[in-house]
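Biologist: I have a model open and would like to learn how to read its features. Could you walk me through a few of them?

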Amino acid sequence: MSKSHSTNRTVTWLLNIVKLIGLFALYQLAMIPTMMPAIRHGFSATATLIAGVASLVLLGLLIWWLVTIYRRQAPIVTSLSRPTRPVLTILGLFILVELGNVLAGLIVKQTPENQVILDKVFTTSPVINVVMMAVLAPIVEELIFRGLMYRWLFPRVTNWVSFTVALVFASLVFALAHTLSFSPALLAYLPIAVVLTFTYVWFNDIRYSIALHIINNSLAMVGMLTLQIGRAS
């Protein structure tokens with residue numbers, strides 16, 4: 001490989017990282033309207049509803065754009081054999097996620113700051129936020145942190161070295177995006193990050209990691225709804 005070719009690959013890789021950061025920034029911007037009622041007090045019910053709907057629309061447009069970009073990229077090359085029983089495999093991976101979450105909960109005693117913010121946002125407009133956090137957010141995050149990240153940064157995962165490097169990198173970036181620091185709270189997001197990343201590479205199909213992510217977040221939303229109903233009663 002010539003020096004110029006190697007340089008071009010490095011520049012392209014770095015530019016793709018910048019693009020991923022930009023897409024994540026757009027994702028955060030789309031979430032701002034629904035977070036405003038929780039951050040600034042005094043929002044009326046109508047204003048809160050409008051803010052929530054605005055975030056839903058923005059996230060919907062972002063998903064449409066991300067899917068368009070994703071489909072234009074070549075699929076990753078992987079040496080892993082695709083599971084022959086996808087339903088049972090997803091069930092097993094989900095159990096693995098839950099076991100990891102329990103273990104992380106025993107290790108990490110503090111509530112991650114991201115979760116504290118979500119709890120506040122959830123109380124302002126539960127229905128809209130269930131749709132957003134349980135469905136739309138997982139789709140956006142999978143397209144960015146699994147789909148595009150792999151197709152742009154790790155297009156070939158053909159041995160255990162490349163697989164391990166890509167898995168660690170993608171999982172850490174996903175966890176850091178939810179904590180924004182190398183705090184103990186990082187461990188709370190590593191189980192789901194590792195399993196979702198492995199799911200995407202193993203199936204080589206974004207739909208399976210999206211489905212697993214939605215299931216995980218939906219159960220979390222059920223727990224938050226149950227807690228809120230209990231507080232209200």
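Biologist: Let's begin with charges: how many salt bridges does a search of the whole structure find?

Modeller: Happy to help, and keep in mind that this is a predicted model. The general idea is that side chains of opposite charge can pair when their charged atoms come close. Here, searching the whole structure turns up three salt bridges. One of them joins the side chains of arginine 82 and aspartate 205, at 3.4 Å from N to O. This pair links distant parts of the chain, 123 residues apart. Arginine 82 sits in the loop between strand 1 (77-78) and helix 3 (86-107), while aspartate 205 lies in the loop between helix 7 and helix 8 (206-232).

Biologist: How do helix 5 and helix 7 cross?

Modeller: Two packed helices are described by the angle between their axes and the distance between the axes. For helix 5 (residues 126-153) and helix 7 (residues 186-203), the axes come within 11 Å and cross at roughly 50°. The two helices are therefore oblique to each other, and their crossing is right-handed. On the helix 5 side, the contact is made by Glu142, Arg146, Gly147, Tyr150 and Arg151; helix 7 contributes Ala193, Leu196, Thr197, Tyr200 and Val201.

Biologist: And on the surface, which residues make the nonpolar patch?

Modeller: Leu26, Leu29, Ile32, Trp64 and Trp65 form that patch, with an area of about 520 Å². Helix 1 (3-39) and helix 2 (45-72) each supply at least two of its residues.

Biologist: Which helix gives the largest share?

Modeller: Helix 1 does, with three residues; leucine 29 is found in that helix.

Notes
Residues numbered from 1 in each chain as written. Predicted model: local features only at pLDDT ≥ 70, side-chain atom pairs only at ≥ 80, totals over all residues. Heavy atoms only, no water. Patch = residues over 30% accessible without salt bridge, like charges linked within 9 Å, V, L, I, M, F, W, Y side chains within 5 Å. Areas by Shrake-Rupley, 256 points an atom, 1.4 Å probe, with all protein chains shown as cover. Salt bridge = Lys/Arg side-chain N within 4 Å of Asp/Glu carboxyl O. Helix = DSSP H or I, 4+ residues; strand = E, 2+ residues; numbered from the N terminus. Axes fitted to C-alpha atoms, helices over the stretch in contact; angles between N-to-C directions. Parallel < 35°, antiparallel > 145°, perpendicular 65-115°, else oblique. Left-handed = near helix turned anticlockwise from the far one by under 90°. Contact = heavy atoms within 4.5 Å.
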